[in-house]
Amino acid sequence: MTAELQQVEGLQINRWADAIINEHQTLLTVKHLVRETRMKHSDATGEGMGSNGFLGVDLISVRSGHGFTPHTHPGDHILICVAGLGTITFAGKIYPTRAGEIYMIDGKQPHAVGARTDHSILAVGAPHMPVDSLERMTPVEYDKIEAGADGLACLVCGADVVAGFFLHEAGCEHCPCHECLPPVREEGCDCAVCSAVA
Ligand SMILES: [Zn+2]
Ligand SMILES: [Zn+2]
Ligand SMILES: [Zn+2]
């Protein structure tokens with residue numbers, strides 16, 4: 001289904017999933033769709049689900065094997081995994097995530113998000129920026145993801161490397177480096193990644 005929005009002053013209702021509701025349980029069906037807008041610095045796609053300009057929520061879809069290169073953003077995010085399997089790389093570790101889980105991220109600390117299958121996330125954030133805003137996320141150099149840890153460890157496949165080496169060199173398919181999760185360079189952007197000489 002495509003999102004269906006009802007809006008009156010002060011109220012926005014957005015139907016983002018089909019639901020089968022019976023007496024004892026509710027089953028949500030979340031289609032692994034490409035969404036209407038490509039997000040900046042990434043090939044992930046998103047769709048705004050509601051915003052008052054300060055607090056907002058978006059439905060984001062990431063294709064299997066793709067993701068968000070290491071980045072920071074203004075404010076914190078609550079990420080509600082609603083479809084498929086993913087990863088979050090934070091402070092030297094890659095954690096597995098899956099539909100049915102929620103995580104919250106300090107936006108100031110570099111992190112990366114990956115998809116182990118087609119993966120969809122509801123992202124709640126304040127301050128809220130539209131999905132195609134250049135200010136929403138700022139890519140950072142890959143080594144920032146180690147965040148003072150003495151290397152990187154993947155809790156999905158068990159691979160680990162010391163600082164200065166890449167997890168893909170140890171056979172990890174979840175590595176969030178710029179080669180494995182290439183940042184998309186954006187015209188006119190002066191972030192560290194876009195302004196670096198290719
Ligand atoms: Zn791995
Ligand atoms: Zn890599
Ligand atoms: Zn940039």
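# Briefing: C194, two open sheets and a nonpolar core

C194 is partly exposed, as 19 other C-beta atoms lie within 10 Å of its own. The model described here is a predicted one. Its strands include a six-stranded open sheet with antiparallel pairing and a seven-stranded open sheet with mixed pairing. The largest nonpolar core comprises 30 residues.

**Surroundings of C194**

- C194 belongs to helix α1, which covers residues 192–195.
- The count of 19 C-beta neighbours makes C194 partly exposed, because a buried residue needs 20 or more.
- Leaving out residues up to four places away in sequence, C194 touches R185, E186 and C189.
- Between C194 and P182, which are twelve residues apart along the chain, the C-alpha separation is 12 Å.

**The N-terminal hairpin**

- Strand β1 (residues 4–8) and strand β2 (residues 11–15) run antiparallel and are joined by five bridges.
- These two strands, β1 and β2, form a hairpin with two residues between them.
- In the turn of this hairpin, G10 has a positive phi of about 85 degrees.
- Q7 has Q12 in β2 as its bridge partner, while L5 is partnered by N14 in β2.
- Strand β1 lies largely in the open, because the number of buried residues among its five is zero.

**The six-stranded sheet**

- The strand order in this open sheet is β5-β6-β7-β14-β9-β12, and the pairing is antiparallel.
- Its edges are formed by β5 (37–38) and β12 (102–105), each of which pairs on one side only.
- Strands β9 and β12 run antiparallel and are joined by four bridges.
- Opposite I78 stands M104 of β12.
- In a regular strand, side chains alternate between the two faces of the sheet.

**I102 in strand β12**

- I102 is located in strand β12, one of the two edge strands of the six-stranded sheet.
- I102 counts as partly exposed, because it has 13 C-beta neighbours inside 10 Å and a residue is exposed with 12 or fewer.
- Not counting residues up to four places away in sequence, I102 touches I78, L79 and I80.
- I102 and L122 are separated by 20 residues in sequence and by 9.3 Å in space, C-alpha to C-alpha.

**The seven-stranded sheet**

- This open sheet has the strand order β15-β8-β13-β10-β11-β16-β17, with mixed pairing.
- Strands β15 (138–139) and β17 (160–162) are its edges, and each pairs on one side only.
- Strand β8 (residues 67–72) pairs with β15 in the antiparallel sense over two bridges.
- The bridge partner of H71 in β15 is P139.

**The largest nonpolar core**

- Within this core of 30 residues, those with the most contacts are A44, I60, F68, A112, I121 and L167.
- At least two residues of the core come from each of β7 (56–62), β9 (76–83), β13 (111–115), β14 (119–126) and β16 (151–154).
- Strand β9 provides the largest share of the core, namely four residues.
- Of the strands that supply at least two core residues each, β7, β14 and β9 appear in the six-stranded sheet, whereas β13 and β16 appear in the seven-stranded sheet.
- Leaving aside neighbours within four places in sequence, A112 is in contact with G67, F68, T69, P70, T89, I145, P176 and L181.
- Among these contacts of A112 is F68, which is also listed with the core residues that have the most contacts inside it.

Methods:
Residues numbered from 1 in each chain as written. Chains lettered and ligands numbered in written order. Predicted model: local features only at pLDDT ≥ 70, side-chain atom pairs only at ≥ 80, totals over all residues. Pairing = 2+ DSSP bridges. Core = buried A, V, L, I, M, F, W, Y, C linked by C-beta atoms within 7 Å. Contact = placed C-beta atoms within 7 Å.
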